[in-house]
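Work through the exercises below with the coordinates loaded. Each task is followed by a stepwise solution.

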Amino acid sequence: MSLDSITQNIDEAVSGFFEPIATWLGEIVFHSVSVGGADLPLIVAWLVVAGLVFTGWFGFVQVRKFRLAIDVVRGKYDEKGSAGEVNHFQALTAAVSGTVGLGNIAGVAVAVSIGGPGATFWMILCGLLGMATKFVEVTLGVKYREVHADGTVSGGPMHYLPKGLAERFGKKGKTLGKVLGVLASFMILFFGLFGGNLFQVNQSYAQLVSVTGGEGGLMGSSAGALFFGILIAALVGIVLLGGIRSIANVTSRLVPAMAGIYIAACLVVILTHVTAVPAAIGTIIEGAFNAEGVAGGVIGALIIGFMRAAFSNEAGLGSAPIAHSAVKTKHPASEGLVALLEPFIDTVVICTMTALTIVIANPASWAEARKGESIGGVTITSDAFGTVMPWFPYILTVAVMLFAISTVLTWGYYGLKAWTHLFGRSRASETTYKIVYTVFVIAGSLLTLETLIAMADAVLFMLAVINIIGLYLLAPVVKRELNSFLEFVRARNAGETDEADTDEEPVKTTV
């Protein structure tokens with residue numbers, strides 16, 4: 001029996017078993033209601049409302065403290081002797097690498113196809129709101145993190161939900177928090193294996209096949225798929241062995257590189273059509289408030305834009321605090337401020353660049369998709385770049401590969417922290433997880449497992465429900481932490497703190 005037939009049989013068997021479960025779970029988590037002629041998933045409304053609430057609660061912190069956040073990333077307020085494993089910039093890039101991925105390339109194309117150009121405007125607005133949510137959850141992640149005897153750190157919703165609720169509400173809060181912590185760990189682990197790992201590898205392999213001659217090309221065979229899977233698994237395994245410090249060292253170089261390559265390509269297209277930029281911006285704004293030809297009109301464009309942003313930057317899902325918790329700091333809110341830059345980079349900058357490129361280039365495939373034709377998002381984005389750079393599919397392949405590898409690395413770390421919360425931190429436990437995770441990397445090049453991937457999405461967004469409830473309950477803690485850090489900043493700026501606490505060499509980064 002050939003490898004192709006074996007993998008096909010596995011795909012069919014897994015899909016047959018899990019499809020009823022995945023369908024049932026998806027209908028619950030992504031249940032939609034009709035609003036103005038368009039379907040609004042309630043989970044999207046849940047995430048957007050959280051962004052609105054926290055934006056108001058913290059007085060537009062994402063606007064007022066944006067400059068301060070950049071100063072923190074640059075190391076201006078570092079303190080010598082702070083617990084943690086990585087600096088602010090490394091923590092940010094590690095977290096960004098988990099959110100910036102194929103959704104920024106393919107998902108945005110789908111959004112402007114279904115919701116029209118106006119979806120871009122609402123996507124930006126939702127990204128700005130998500131900055132406040134990210135600030136809250138990451139501050140809590142650092143506040144209630146666990147620093148181990150060997151200097152390593154564990155954080156995330158599986159830590160701040162049990163500890164925070166116990167601190168605020170006593171015995172009852174402790175019991176509820178423990179249950180929520182276990183559920184959060186399971187959800188993060190499940191998505192890490194299938195959404196953050198297998199799906200990313202599967203899609204990057206598909207893109208590689210498409211530029212190397214298709215199914216009959218160099219990489220189209222099962223042997224090519226196996227080779228690709230083993231190669232990526234080896235790279236991921238080596239980095240995972242080094243823990244968050246190794247991952248952060250890689251992502252601190254990989255994220256700026258991949259973002260730089262992609263944004264540079266976008267700018268080439270935009271500058272080539274520079275005279276069309278004002279009209280494109282006008283089309284986006286007009287489409288946001290007068291979305292003709294879009295199901296549900298303005299409401300439809302708004303919903304699609306909010307969906308793309310919510311699914312892209314993961315604000316409120318509880319995943320990013322795991323990476324940010326490893327930061328070296330004595331003030332949890334300092335990293336919360338750093339984290340609010342994450343949705344800005346992911347959604348406001350990169351997603352918007354993709355949307356603007358497509359609107360300006362106006363490829364034929366986009367026009368066909370807007371008429372209802374079934375065309376993949378990656379194809380639309382690739383065609384938009386192809387109007388200026390016929391060889392762009394190769395650049396896109398490099399970008400997809402970098403996006404996928406960085407996402408797999410970060411979710412490997414997220415999954416490890418969830419695994420050790422459930423099964424302990426012993427060497428045997430961690431080694432078992434790393435073996436399992438690397439095997440899933442290989443499987444990603446051979447199997448599609450679409451049913452499990454869809455189920456993983458539902459599981460991760462189900463985590464957002466319990467996570468955001470926890471954020472509401474613990475918001476007063478965040479308020480105190482923010483005030484504490486702002487007082488420290490005031491004292492540092494006034495020269496009232498001991499400069500010996502400052503790291504000798506601030507992190508040199510370009511933000």
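Helices are DSSP runs (H or I, at least four residues), numbered from the N terminus. The expected span of a helix is 1.5 Å times one less than its number of residues. This is a predicted model, in which local features need pLDDT of at least 70 and side-chain atom pairs count only at pLDDT 80 or more, while totals for chains, interfaces and linings use all residues. Residues are numbered from 1 along each chain as its sequence is written, and side-chain values use heavy atoms, without hydrogens and water.

**Exercise 1. Compare the end-to-end reach of helix 15 with its expected span, then describe its bend and its burial.**

Step 1. Helix 15 covers residues 341–361, which is 21 residues. Its first and last C-alpha atoms lie 28 Å apart, close to the expected 30 Å.

Step 2. Take the bend at a residue as the angle between axes fitted to the seven residues ending there and the seven starting there. Helix 15 has a kink of about 30°, centred on Thr352.

Step 3. Buried means under 20% relative accessible area, exposed over 50%, and partly exposed in between (1.4 Å probe, protein chains only). In helix 15, 18 of the 21 residues are buried.

Step 4. Look just past the end. Asn362 has a positive phi of about 50°.

**Exercise 2. Find what Thr120 touches.**

Step 1. Thr120 sits in helix 7 (residues 119–143). Thr120 counts as buried because its relative accessibility is 1%.

Step 2. Contact means heavy atoms within 4.5 Å. Setting aside neighbours within four places in sequence, Thr120 contacts Val112, Ile284, Thr352 and Ala355. Thr352 is also where the kink of helix 15 is centred.

**Exercise 3. Do the same for Ala320.**

Step 1. Ala320 belongs to helix 13 (residues 320–324). Its relative accessibility is 2%, so Ala320 is buried.

Step 2. Beyond neighbours within four places in sequence, Ala320 is in contact with Ala95, Lys134, Glu342 and Tyr414.

Step 3. Check a pair distant in sequence. Ala320 and Ala94 are 226 residues apart along the chain, yet their C-alpha atoms are 8.8 Å apart.

**Exercise 4. Test helix 18 for span and burial.**

Step 1. Helix 18 (residues 392–423) has 32 residues and should span 46 Å. Its end C-alpha atoms are 45 Å apart, which agrees.

Step 2. Of its 32 residues, 24 are buried, so helix 18 is largely enclosed by the rest of the structure.

Step 3. Gly424, just after helix 18, takes a positive phi of about 95°.

How values were computed:
Helix = DSSP H or I, 4+ residues; strand = E, 2+ residues; numbered from the N terminus.
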